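Trainee: I should like to work through this entry element by element. May I put my questions in turn, with the reasoning set out before each result?

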Amino acid sequence: MAMIDTWVSVDDTHIYPARLDRSNRWNGWVSPGFTIDAVRQLAAHTEEMAEACGHDCVDQIKVIDGAPEPVVLHIRWQYLTDEPSSAANVVKPDADGRYWIGGWEWTWYEVEDGPLFYSKNAAYQAWSWALALSGRRIGEILQAQMPQATSCLVDLNHCLGHVVRVESADGTAWPSGTDEDGYGPFDAETLGAADEVLRKALDHGRDAVSLEIGGWRPARDIGHPELHRIVFAPLQLVPATEHLLDEARAKATEARRKLLVDTVPYLVQDCRAACPEAAGVLVDPNADQPFVMFLADDTSGTVSVPVPSDLAQKVHDRLEGMFAYRPTSDDLTACGWSEAVQPHLDGAYVLTFPAE
């Protein structure tokens with residue numbers, strides 16, 4: 001049994017330091033053991049979940065102090081009526097003081113990179129909120145001149161993103177095919193304002209899966225999965241004003257930059273594992289195929305091969321996660337990157353690693 005120290009999560013929201021054997025799995029899920037400090041964190045979070053979701057659908061961990069050592073209870077409130085004898089049990093520590101909770105019962109999974117999990121999650125949540133709010137704002141702009149509008153189709157493959165159709169429950173649509181000027185109920189300024197909101201939303205990323213989770217769904221029902229449909233919120237909702245939208249964009253930018261900064265130690269570790277003499281890395285974040293150069297000094301480096309080794313591939317994967325939310329030039333320079341000086345590498349950026 002090969003035990004390792006790592007991090008785990010069960011709710012996609014919190015992580016805990018744990019010890020586990022990767023070969024000990026239940027339907028793919030791991031079975032972790034925790035220190036008492038980690039158990040206290042878990043207990044606090046299960047208390048929050050029970051209060052928010054109801055005790056009948058959430059297992060709860062409690063730590064009772066006062067005895068020679070803490071008593072850890074695993075409570076299953078949903079069994080209290082029908083199987084009261086199995087509704088609670090005491091979790092005893094092993095010889096190393098570890099408490100094994102939820103093994104072969106809870107859907108624990110291992111989390112790579114530990115605390116970076118929170119930076120990734122915060123960036124995703126901030127971007128999702130900006131995306132949802134942008135969809136609401138686009139609806140408000142278009143419904144101001146077409147109140148019956150319920151959704152629109154957007155072309156994300158257009159250079160900046162473009163509203164191509166507006167739909168309504170009564171079958172009214174724009175363009176209708178009968179508009180002499182092509183604008184129908186809209187004016188050019190209104191359509192331009194909607195496109196501007198769309199463009200700013202896409203500045204934070206175009207990942208297809210994340211867009212769909214955020215409510216922008218491929219229009220497969222009409223045979224155009226290359227287009228995305230945004231369903232408008234009811235008109236009676238509190239308006240997604242430009243001020244509120246600007247706040248959401250600012251938070252998304254802040255979270256995006258924090259992800260850039262917090263990822264650096266992991267990137268340095270991955271780069272030096274692939275190229276031990278690496279003192280920095282040069283990257284083109286906008287290239288279709290990742291281009292990476294490990295810098296041994298200010299002027300020379302080693303370009304990663306087109307089909308990278310496992311270690312070089314890990315660097316590529318790390319950079320993909322680092323740049324998931326399309327950092328701008330301002331983001332990169334604010335987070336320690338500098339533009340490459342080589343004239344044939346226009347658009348590339350350099351990060352110099354901290355001294356070991």
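**Helix packing and selected residues**

Trainee: How are helix 2 and helix 5 oriented to each other?
Mentor: Helix 2 and helix 5 are placed in one of the angular classes, here roughly antiparallel; angles over 145 degrees count as such, those under 35 as roughly parallel, 65 to 115 as roughly perpendicular and the rest as oblique. In this predicted model, the axes of helix 2 and helix 5 (residues 242–274) come within 8 Å and cross at roughly 155°. Axes are lines fitted to C-alpha atoms, for helices over the stretch in contact, and angles run from 0 to 180 degrees between N-to-C directions. Helix 2 and helix 5 are therefore roughly antiparallel.

Trainee: What kind of model is this?
Mentor: Residues are numbered from 1 along each chain as its sequence is written, and side-chain values use heavy atoms, leaving out hydrogens and water. Local features need pLDDT of at least 70 and side-chain atom pairs count only at pLDDT 80 or more, while totals for chains, interfaces and linings use all residues, since this is a predicted model.

Trainee: How many nonpolar residues does the contact of helix 2 with helix 5 have?
Mentor: Contact means heavy atoms within 4.5 Å. Residues of helix 2 including A123, W127 and L133 meet residues of helix 5, among them L245, A252 and Y266. By class (Ala, Val, Leu, Ile, Met, Phe, Trp, Tyr, Cys and Pro nonpolar; Asp, Glu, Lys and Arg charged; the others, Gly among them, polar), the contact has 3 polar, 6 charged and 15 nonpolar residues.

Trainee: How many charged residues does the contact of helix 2 with helix 3 have?
Mentor: Helix 2 (residues 116–143) packs against helix 3 (residues 188–202) at about 175°, with the axes 9 Å apart. That angle makes helix 2 roughly antiparallel to helix 3. Among the residues that meet are L131 and I138 in helix 2, and L191 and V197 in helix 3. The contact of helix 2 with helix 3 has 11 nonpolar residues, 2 polar and, of the charged class, 1.

Trainee: Which residues of helix 6 does T263 touch?
Mentor: The axes of helix 5 and helix 6 (residues 310–322) cross at roughly 170° and come within 9 Å, which makes helix 5 roughly antiparallel to helix 6. T263 lies in helix 5 and is buried, with a relative accessible area of 3%; buried means under 20%, exposed over 50%, and partly exposed in between (1.4 Å probe, protein chains only). Not counting residues up to four places away in sequence, T263 touches L116 and, in helix 6, R318 and M322.

Trainee: Is H14 buried or exposed?
Mentor: H14 lies in the loop between strand 1 (3–9) and strand 2 (16–21). Beyond four places in sequence, H14 touches V8, S9, H45, E48, F117 and Y118. Because its relative accessibility is 15%, H14 counts as buried.

Trainee: And is D5 buried or exposed?
Mentor: D5 lies in strand 1 and touches A18, R19 and R98, not counting residues up to four places away in sequence. Because its relative accessibility is 56%, D5 counts as exposed.

Trainee: What share of the residues of the chain count as buried?
Mentor: The chain has 7 helices and 20 strands; these are DSSP runs, numbered from the N terminus (helices H or I, at least four residues; strands E, at least two). Among contacts between residues at least 6 apart in sequence, 58% join residues at least 24 apart. Of the 356 residues, the share that count as buried is 40%.
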